[in-house]
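Open the model in your viewer and keep the selection panel at hand. Each stop below says what to select and what is there.

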Number of protein chains: 2
Amino acid sequence: MNSALALAELPLLERRTLSDTVYEALSDLLASGRLAPGDRLSLRQSAAALGVSVMPVREAVSRLAADGVLEVAPNRVIRVPVMGAAAFRALVETRIAVEGVAVARAAERRTTGELAAIRSAEAAFRAEAEAAEPDRARAVQLNRDLHFAIYGACGLGPLQEIIARLWLKAGPVINLDLRAHPERLLQGFALRRHAEAVTAIEARDGAAAAAAIAADIREAAEFILTRGGLRDVERED
Amino acid sequence: MNSALALAELPLLERRTLSDTVYEALSDLLASGRLAPGDRLSLRQSAAALGVSVMPVREAVSRLAADGVLEVAPNRVIRVPVMGAAAFRALVETRIAVEGVAVARAAERRTTGELAAIRSAEAAFRAEAEAAEPDRARAVQLNRDLHFAIYGACGLGPLQEIIARLWLKAGPVINLDLRAHPERLLQGFALRRHAEAVTAIEARDGAAAAAAIAADIREAAEFILTRGGLRDVERED
DNA sequence: TCACCCGAACTGTGATCACAGATCACTAGC
DNA sequence: GCTAGTGATCTGTGATCACAGTTCGGGTGA
């Protein structure tokens, strides 16, 4: 009774179910490209590997499948979808459109605190990318951190969630490629675009910021497409 | 062997699991506003009502929860999220941004066939809205059909999925309001905006089409917000 | 030697059971 | 009379079992 005021300040702790944990574990595998397009996934094997029963894995997989990050074939086989060039292009265009509006809003509404966070995220990525021996996994994570530091300043929660899902969907193909061909990092395209974006955000220039991020996304996509890693399959036989 | 060519044209039939069926049933309930914000949902009761075990319901609910269409409280109670005014505003702004780019693209890329489909969808909605005794449920469905006829012409599958999820999220609050206050239909705001959108799409004027849809969305939202149906709650006690 | 077929060992899906925690009505105690 | 406590009954979560369909390998047939 007397401690009502103190209790009112308690942060409501989020409940973690096993399903959530499994979901994050699988998401991590997908986002980092350790699960490549076409890879199959067995409920029982995954469950055994994680030391849980199949139930939590089922729920996690069904969520991932609902997002299109995993797919369950008519044969009831679970696997990472193999994306044809056309599907990949559509995904990239969607990312450019959605992330574009997020960046534009972020540029116009960012607080000085958010700007500082973006700057330090950019610096961190730059430091890793320019290192003598860049750690690819770490570079990928820092790149993601930078992007989401920007999107976080757009002030629209639902939009951030949408973008997170798009990244999850694009993660396997992009990061698989990056694993196979790390030279993309070295060319410095991303560094240039990021710098442009940060400058535009500083200047509260939404259009310029959106253009920079769009170029960042598109150049990475073109790099992958021109290498021909994605052949346009109609069906997997 | 010899029929390989013919077989190649077979449409791969989608497998329907019980979970999918349950998911659609629940989605329908939510989209039509029959499940209102704050309503609780019991796995066992839902399962009994649908004549299945709890398993399929669990999976469907976990998918819905992943999309934020349902939420499971720390008490482990499943319910339709009660959206504060701030959250609703963020959702509306997100819809305007995302659906705006979809409409703009649709206006610029629509084929004549898609235009015809959009026109007939608009006519169908108009007919229902201007009827002597409009069927609200039908009007809601036709409004949805029209919007998605437009978005379908944007040529970006992932974008359409995103919008579908946003509609699912906004469905309960919007349609609940429409059930309580059907006069919104009668004021004809939507009719005017739809007409503007169709005209702009005919003219391949992306910006004008986006503006019309944005106004459509915003006016409906303002109508709900000004009525004060959403009080801004920080926590549910 | 190659094609076919049959069976063992998987696959996901659904049902059922077990359990911890939350609710709520009710009663005992102040 | 009203509060605090208590137990039956609900909740979702996780594990286990049962089943049908698929996959894949080994053996048998021509």
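The tour goes from one chain to the pair, then to the DNA, the core and a sheet. Bear in mind that this is a predicted model.

**Stop 1: chain A**

Select chain A and colour by secondary structure. Its 237 residues include 11 helices and three strands. Follow the sequence from its start, and the order reads α-α-β-α-α-β-β-α-α-α-α-α-α-α. Now colour by burial. In chain A, 39% of the residues count as buried. Contacts reach far along the sequence: among those in chain A with a separation of 6 or more, 77% link residues 24 or more positions apart.

**Stop 2: the two copies**

Add chain B and superpose the chains. A turn of 180° with a shift of 0.0 Å along the axis lays chain A on chain B, at an RMSD of 0.0 Å. The two copies are therefore related as by a two-fold rotation axis. Which residue of chain A comes closest to the rotation axis? Pick Arg63(A): its C-alpha is 2.6 Å from the axis.

**Stop 3: where the chains meet**

Show the contacts between the chains. Here 20 residues of chain A touch 20 residues of chain B. On the chain A side, H4, helix H5 (85-109) and helix H8 (157-180) each give two or more residues. H5(A) gives the most, with seven. Colour that side by class: 12 residues are nonpolar, four polar and four charged. The copies meet through the same surface, because 100% of the interface residues of chain A are also interface residues in chain B.

**Stop 4: DNA strand C**

Select DNA strand C and expand to the residues around it. There are 21 of them. The closest come from both chains: Ser42(A) and Leu43(A) on one, Leu18(B), Ser53(B) and Asn75(B) on the other. Chain A gives two or more residues from each of helix H3 (43-50) and H4, and chain B does so from helix H2 (18-31) and H4. By class, this surface has 11 nonpolar, six polar and four charged residues.

**Stop 5: DNA strand D**

Move to DNA strand D. It has 19 residues around it, and the nearest are Thr17(A), Leu18(A), Ser53(A), Ser42(B) and Leu43(B). Two or more residues come from each of helix H2 (18-31) and helix H4 (54-66) of chain A, and from each of helix H3 (43-50) and helix H4 (54-66) of chain B. The class split is 10 nonpolar, six polar and three charged.

**Stop 6: the nonpolar core**

Hide the DNA and turn to the largest nonpolar core, with 126 residues. Which of its residues touch the most other members? Select Val103, Ile150 and Ala209 in chain A, then Val103, Ile150 and Ala209 in chain B. Centre on Val103(B). Beyond its neighbours within four places in sequence, Val103(B) is in contact with Ile150(B), Ala197(B), Ala209(B), Ala210(B) and Ile213(B). In soluble globular proteins, nonpolar side chains tend to be buried together.

**Stop 7: the sheet of chain B**

Finish on the strands of chain B. Three of them form an open sheet, ordered E1-E3-E2, with antiparallel pairing. Strand E1 (40-41) and strand E2 (71-72) of chain B are the edge strands, each paired on one side only. Zoom in on E1(B) and strand E3 (residues 78-79) of chain B: two bridges join them, and they run antiparallel. Last, select Leu41(B). Its bridge partner in E3(B) is Ile78(B).

Conventions:
Residues are numbered from 1 along each chain as its sequence is written. Chains are lettered from A and ligands numbered from 1 in the order in which they are written. This is a predicted model: local features need pLDDT of at least 70, side-chain atom pairs count only at pLDDT 80 or more; totals for chains, interfaces and linings use all residues. A residue is near a molecule or strand if its C-beta atom, placed from the backbone, lies within 6 Å of it. Helices (H or I, at least four residues) and strands (E, at least two) are DSSP runs, numbered from the N terminus. Ala, Val, Leu, Ile, Met, Phe, Trp, Tyr, Cys and Pro count as nonpolar, Asp, Glu, Lys and Arg as charged, and the others, Gly among them, as polar. Copies are superposed by least squares on the C-alpha atoms of residues with pLDDT of at least 70 in both. Two residues are in contact if their C-beta atoms, placed from the backbone, lie within 7 Å. A residue is buried if 20 or more other C-beta atoms lie within 10 Å of its own, exposed if 12 or fewer, and partly exposed in between; C-beta atoms are placed from the backbone. A nonpolar core is a set of buried Ala, Val, Leu, Ile, Met, Phe, Trp, Tyr and Cys residues joined through C-beta atoms within 7 Å. Two strands pair if DSSP finds at least two bridges between them.
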